[in-house]
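Q: I'm new to this one, so pick a single part and walk me through it slowly. Start with any empty space inside, then follow whatever runs alongside.

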Amino acid sequence: KDKLVLVTGASAGMGMNAAKSFAKAGSKVILLARRKDKLEKVSEEIQAGGGRAYVYDCDLLDQESIVNVVAKIKTELGVPDIIINNAGYGEWKYLDETNDQEIVSYMHVPTFVAMFITRYFLPEMLERNTGSIVNVTSPMSYLICPGATAYITARFALRGFYEALKADLANTNITVSLLVAGLVLDSEYWQTNPDSLNKIPKIARLLVPNLSSENAGKKMVQIVEKEKSLMITPFMLRTVFWQLAIAPMVVQWLMRVTGHKR
């Protein structure tokens with residue numbers, strides 16, 4: 001309650017629902033994304049429910065835009081208590097189908113943006129010695145399948161950022177977390193990238209039930225409230241990760257052989 005929460009990718013899907021869930025819990029929510037019209041609509045919905053929301057549109061692929069919006073947030077609202085690095089980008093493509101600019105973009109969002117946003121606010125968080133940083137990622141930060149080379153690489157890098165930052169801040173009161181969310185079919189991402197949806201391995205579609213963006217948003221609140229380092233959702237996805245820990249070669253083999261064929 002009354003915490004200042006920054007949510008990237010807040011204009012739709014999981015980010016939008018996370019913002020609404022934090023606002024419902026009494027937080028002051030900073031909505032950060034590229035599409036100002038959609039952010040304003042989310043803000044109106046939050047305020048209609050008695051919540052507090054602040055719109056900051058920013059092109060996360062533009063470094064100068066990120067620097068400027070961070071400075072504006074610091075001046076107008078202060079330093080967030082909680083940072084939700086939720087913004088994502090990229091299609092599932094084979095490497096030879098992916099051009100140079102796409103590779104750079106897929107790495108920039110989510111990985112570089114999560115690092116930049118966190119770094120720009122981190123000195124003040126360290127001085128205050130409180131806060132929570134949540135990085136939201138895909139199961140593809142652990143699992144491998146064909147047809148999504150740059151996308152998977154970026155998610156592995158985001159997971160690496162989480163692990164390294166957690167080590168950096170181990171002796172502080174700042175919590176670093178990773179939320180691994182399963183397939184969110186009602187996300188705008190899959191609607192605009194149907195070819196990516198077709199490349200999800202059959203074994204994953206068979207074993208892991210879909211997660212709604214509303215539930216994913218609620219999980220972002222829970223991971224902060226419970227101060228958990230790692231949260232994997234839904235439950236059936238956790239069972240896949242247990243199997244991955246016990247028999248990694250078998251799980252990765254199943255992902256590969258049931259994955260997309262050229």
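A: A cavity here is a set of points on a 1 Å grid over the protein atoms alone where a 1.4 Å probe fits but cannot get out, and its lining residues have an atom within 4 Å of a point. Keep in mind that this is a predicted model, where local features need pLDDT of at least 70 and side-chain atom pairs count only at pLDDT 80 or more, while totals for chains, interfaces and linings use all residues. Residues are numbered from 1 along each chain as its sequence is written, and side-chain values use heavy atoms, with hydrogens and water left out.

Searching the whole structure turns up one cavity of 30 Å³ or more. The largest cavity has a volume (the space filled by probe spheres set on the points) of about 30 Å³. Around that cavity you'll find Thr8, Asn85, Asn86, Ala87, Pro110, Val113 and Ala114. Helix H4 (residues 100-128) gives the largest share of this lining, with three residues. Helices (H or I, at least four residues) and strands (E, at least two) are DSSP runs, numbered from the N terminus.

Now pick up Asn85, one of the lining residues, and look at its strand, E4 (residues 82-85). Both faces of E4 are covered: Ile82 and Ile84 are buried on one side, and Ile83 and Asn85 are buried on the other. Buried means under 20% relative accessible area, using a 1.4 Å probe and protein chains only.

What does E4 pair with? Two strands pair if DSSP finds at least two bridges between them. Strand E1 (residues 4-8) joins E4 in the parallel sense over three bridges, and Val7 has Ile84 as its bridge partner in E4. Strand E5 (residues 131-137) also pairs with E4 in the parallel sense, over four bridges. Ile84 turns up again here, with Val134 as its bridge partner in E5, while Asn85 is bridged to Asn135 of that strand. To get from E4 to E5 the chain passes through H4, and this β-α-β crossover is right-handed, meaning that the path over the helix runs clockwise with the strands pointing away from the viewer.

Step back and you see an open sheet of seven strands with parallel pairing, in the order E3-E2-E1-E4-E5-E6-E7. Strands E3 (52-57) and E7 (230-233) stand at the edges with a single partner strand each, so one side of each has no neighbour in the sheet.

Methods
On a 1 Å grid over the protein atoms alone, a cavity is a set of points where a 1.4 Å probe fits but cannot get out, and a pocket is an open set with protein on both sides within 12 Å along at least five of seven lines; lining residues have an atom within 4 Å of a point. Buried means under 20% relative accessible area, exposed over 50%, partly exposed in between (1.4 Å probe, protein chains only).
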